[in-house]
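Let's take a friendly walk through this two-part topic: a strand and its neighbours, then contacts between and within chains. Please have the sequence and the 3D view open as you read.

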Amino acid sequence: MTVRVRYFASLREKMGRIDDTLVYENIATVADVWRAVSSGRPIPDQLLCAVNMEYAEPQSLVNDGDEVAFFPPVTGGSG
Amino acid sequence: MTVTVCHIPFSPYAELEAYQQLMGDEVRRFGATAIFVGTMRDLNLGDEVTHMVLEHYPGMTERQLEQIVAEAQARWDLLDVLVIHRVGEITPGDSIVLVAVWTLHRGAAFEACRHIIEELKHTAPFWKKETVRDGERWVESNTKG
């Protein structure tokens, strides 16, 4: 199973890269993806996640070919 | 309904004019237009901000904005909606976001316009990185509005 993992904003800077490609058999959820890219850490409380460009939860399921993204709280707009 | 992520400076007023021009006779149906324009300030958290970079998640941004507008269309009777959001390097005074809503009556226009900008701020994947005197910093939360 292959999953593309993308990072944005301050998380991208902390990770030191914009993405990873995971090729694993033992990934079922978004939390599993995070553990695979962060040396086994739990997902930080503030971090948001998306699967295929839709908001997701740590327990959301991940399938072969999915794009999983992690990012800090959003700060768009103005005023 | 049109949602656009804009990589260069834009004039919200010129965009509105151009958008309404394309509507033709449709403009005869509107009773109300509510417009929100968000502009970059030169002061944030007490510090002078010289410029900032707005990062986004291409693809997810457009999808989120379209969902926000679709939800508003389901809740209010909206005749048309235009949303434009800047990304990239931005300087104080630049327009960041335009939300325009065309309706029959003013109530729905004001309410839907407010709803769309608030939802955008909370769910659309944009992030601001400011440059201040001491260096750069990520903006970590939204202002209260």
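The text below looks at one strand of chain A, the contact with chain B, and some salt bridges.

Please keep in mind that this is a predicted model.

**A covered strand**

A good place to start is strand S5 of chain A, residues 67–71, where five of the five residues are buried. In a regular strand the side chains alternate between the two faces of the sheet. Here A:Glu67, A:Ala69 and A:Phe71 point one way, while A:Val68 and A:Phe70 point the other way. S5(A) has a parallel partner in strand S1 (residues 2–7) of chain A, with four bridges between them; in this pairing A:Val5 sits opposite A:Val68. Strand S3 (residues 48–51) of chain A is an antiparallel partner of S5(A), also through four bridges, and there A:Cys49 faces A:Phe70. A:Glu67 of this strand also belongs to a network of salt bridges with A:Arg4, A:Arg6 and A:Asp19.

**Where the chains meet**

How many residues does each chain bring to the contact? Chain A gives 22 and chain B gives 33. Together they bury about 2200 Å², with 52% of that on carbon and sulfur atoms. On the chain A side, A:Met53, A:Thr75 and A:Ser78 lose the most area to chain B, together 31% of what that side buries.

The interface also holds 14 residue pairs in polar contact and three salt bridges. Helix H1 (9–15), strand S4 (54–56) and S5 of chain A each give two or more residues to the side that touches chain B, and H1(A) gives the most, with four residues. By class, that side has 10 nonpolar, seven polar and five charged residues.

**Salt bridges**

Over all chains the count comes to 15 salt bridges, including these four:

| Pair | N to O distance |
|---|---|
| B:Lys129 and A:Glu13 | 2.4 Å |
| A:Arg17 and A:Asp20 | 2.7 Å |
| B:Arg137 and B:Asp47 | 2.6 Å |
| B:Glu48 and B:Arg133 | 3.8 Å |

In the chain A pair, A:Arg17 is partly exposed at 31% relative accessibility, whereas A:Asp20 is buried at 19%.

B:Arg137 lies in strand S9 (residues 135–138) of chain B and B:Asp47 in strand S4 (residues 47–56) of chain B, so their salt bridge ties together parts that are 90 residues apart in sequence. B:Arg137 is partly exposed, at 22%, and B:Asp47 is partly exposed too, at 31%.

B:Glu48, in strand S4 of chain B, and B:Arg133, in the loop between strand S8 (126–132) and S9 of chain B, are 85 residues apart. B:Glu48 is partly exposed at 49%, while B:Arg133 is exposed at 74%.

Key:
Residues numbered from 1 in each chain as written. Chains lettered and ligands numbered in written order. Predicted model: local features only at pLDDT ≥ 70, side-chain atom pairs only at ≥ 80, totals over all residues. Heavy atoms only, no water. Buried < 20%, exposed > 50% of the residue type's maximum accessible area, 1.4 Å probe, protein only. Pairing = 2+ DSSP bridges. Contact = heavy atoms within 4.5 Å. Buried area = accessible area lost by both parts, 1.4 Å probe. Salt bridge = Lys/Arg side-chain N within 4 Å of Asp/Glu carboxyl O. Polar contact = N/O pair within 3.5 Å; in protein donor to acceptor, adjacent residues only side chain to side chain. Nonpolar A, V, L, I, M, F, W, Y, C, P; charged D, E, K, R; others polar.
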